[in-house]
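Biologist: Please take me through this model one feature at a time. I would like each term with its cut-offs.

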Amino acid sequence: MALCSLLIRTLSMMFRVWLTGMVGAEVLGIYQLILTVYAFFLLISTSGISVTATRLVGDFLAKGEAGKAKYTASKLIAFSSTVGLVLAVVLFLSADILSCAVTDIGRSATPLRILAVSLPFAAFSAAVRGYFTAKRKMLRISGEQILEQVSEIGVCVFAFTYLTPKGFDPLCAAALGTTAAEILSFFYSFAIYFCDAIHIKEKYKPENALLKSALPIALPCTASSGLRSALAAAENMLIPVGLMKYGAQRGAALSEYGIISGMAMPVIVFPSVFILPFASLIITEMSQADTLGHKNGIRHISQRMISATLKYSLPVMFLFIFFAKDIGSVLYKNSSAGFYIAALAPVVPLMYLDSSVDGMLKGLNQQTSYLLYNVIDSVLRVIMTYFLLPVFGTLGVVFIIIFSELFNTFLSLMKLIKVTKLKIDLLDMMIRPCISILIPCLILNCIPPVLPQNIGLLLRLLICVVIYLPLCIGINKRVRIQKANF
């Protein structure tokens, strides 16, 4: 799953670089604003139902009730598709109002209508992903995600190559790629679900308890995603406005927003391909351990997950700090992108750890706390955006992102510690990884570059990783030996 995610993110990054060159930072910023509206409707129709399918199907499979798991999945798939269809109609009919409210640009209504068509198809695929996640059949999910990414890129390239030169709006071309990808993904999801479910012969008599079991899981997750997405849309609307109050022209403000959200953040998020699969799978593991009453197992899984996340994300943070300038130049030929990558690098361990902790909390039926923390965090972001950006400009954006991740991660981690009674070893999980990656980074930064920038960057990143792994593992191994001898 991680390897497939790496392929998907690599394709997505290459496509993002290509798209930036085609439309520029300003149009990219407008499209990011459009996507915030679409994300609100998408998350409502997909996030809660996917987690619910994973939790309920996983619990029934743990008890050996395959027929009940199949019945539950079929009902959830039908329900999610219906919700997606309703939301598609709402978005389609309100596109004019929403486009003016978010972007103040009339032409953004048509891309929203194109994106609206994808919602029922995306909702169906999300429920199927939850079903296969519970069954741990991750290769099928990965195949669906690869198909979706390749389809989106292919349709977008076709639209930009053959339709845009004839007057087709670039915003519509990008939206068309997303919608076409969701439709193709739907057919794939339908096929793999049908082929899997048809082999489950165990009969199950329908009960009325499904709704009672699903609502406590689905409602908090959906409400959390919906509220946070709505507040994120409000925040994203305030960012260009705040930058203009700071003194930037409208075009420059949209360009700055495009650089931060469309260039720097995709780079920051990219390495999470090796963490997000575990964060997704951990929901089933924690849920089944909780169902069977394995408290020690829950504590052990939590400690291993947090340790692995920090030992992975902290080196990534330092690599971004030391090599951000070269990364921005190689990918985007843009010095501002490199500056924002370095400035946002402290977000990496917080963001990755938050994903892992959120997955564990969902598996432990703590989604209500997850809802509360995310809503508080999103409200604070909107308030800070309104007051800080007119005073500090883009530095205010960077501060808000870092503060938000720190606040949310701290609350979620404290809740996990309280629920599982786990202990955090700061020396092993944080200090040693930082020392192990700082050594090669400092040495390589003292050596003047002699190779072309792209080759030199790749070589230095590789050397840092090669030195870090045995250094960190060697230190940990010696410490374990000393503890055992003691």
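Biologist: Which residue forms a salt bridge with R113?

Modeller: This is a predicted model, in which local features need pLDDT of at least 70, side-chain atom pairs count only at pLDDT 80 or more, and totals for chains, interfaces and linings use all residues. Residues are numbered from 1 along each chain as its sequence is written, and side-chain values use heavy atoms, leaving out hydrogens and water. A salt bridge is a side-chain nitrogen of Lys or Arg within 4 Å of a carboxyl oxygen of Asp or Glu. With the closest N and O atoms 2.6 Å apart, the partner of R113 is D96.

Biologist: How many residues apart are R113 and D96 along the chain?

Modeller: Helices here are DSSP runs (H or I, at least four residues), numbered from the N terminus. R113 belongs to helix α4 (residues 109-116) and D96 to helix α3 (residues 95-102). The pair links distant parts of the chain, with a separation of 17 residues.

Biologist: Is D96 buried or exposed, or in between?

Modeller: Buried means under 20% relative accessible area, exposed over 50%, and partly exposed in between (1.4 Å probe, protein chains only). D96 has a relative accessible area of 42%, while its partner R113 has 23%. By these limits, D96 is partly exposed.

Biologist: How many salt bridges are there in the structure?

Modeller: One group of them is a network that links K135, K137, R140 and D196. The total for the structure is 10.

Biologist: Which residue in helix α11 is tied to D428?

Modeller: A salt bridge joins D428 and K311, with the closest N and O atoms 3.3 Å apart. D428 lies in helix α16 and its partner in helix α11 (residues 295-332), so the pair ties together parts that are 117 residues apart in sequence. The residue in α11 is K311.

Biologist: R432 also forms a salt bridge with D428; how far apart are the closest N and O atoms?

Modeller: R432 and D428 both lie in helix α16, 4 residues apart, or about one turn of the helix. Both residues are buried, and D428 has a relative accessible area of 18%. For R432 and D428, the closest N and O atoms are separated by 3.7 Å.

Biologist: Which residues make the nonpolar surface patch of about 750 Å²?

Modeller: Patch residues have over 30% relative accessible area and no salt bridge; like charges are joined within 9 Å, and nonpolar side chains (Val, Leu, Ile, Met, Phe, Trp, Tyr) within 5 Å. Accessible areas come from the Shrake-Rupley method with a 1.4 Å probe, and for residues only the protein chains shown count as cover. One member, I435, is in helix α16 (residues 426-446) and is partly exposed at 45% relative accessibility. The patch is made by I424, L426, L427, M430, I431, I435, I439, I443 and I447.

Biologist: Which cysteine holds the sulfur closest to that of C446, and why is there no bond?

Modeller: A disulfide is a pair of cysteine sulfur atoms within 2.5 Å, and the structure holds 0 of them. C446 is exposed, at 67% relative accessibility. The closest cysteine sulfur is 11 Å away, which is too far for a bond, and belongs to C441.

Biologist: Where is the kink in α14 centred?

Modeller: The bend at a residue is the angle between axes fitted to the seven residues ending there and the seven starting there. Helix α14 (residues 367-392) has 26 residues and should span 38 Å at 1.5 Å a residue (the expected span is 1.5 Å times one less than the number of residues); its end C-alpha atoms are 35 Å apart, which agrees. The helix is followed by G393, whose phi is positive, near 65°. The kink, of about 35°, is centred on T385.

Biologist: What is the reach of helix α2 from its first C-alpha to its last?

Modeller: Helix α2 covers residues 66-93, 28 residues, with 40 Å expected at 1.5 Å a residue. Its buried residues include G67, Y71, L76 and L87. Close to the expected value, the reach is 41 Å.

Biologist: What is the phi of K333, which is not a glycine?

Modeller: K333 sits in the loop between α11 and α12 (335-344) and is exposed at 69% relative accessibility. R136, in the loop between α5 (119-134) and α6 (138-163), also has a positive phi, near 60°, without being a glycine. The phi of K333 is positive, about 55°.

Terms used. Helices (H or I, at least four residues) and strands (E, at least two) are DSSP runs, numbered from the N terminus.
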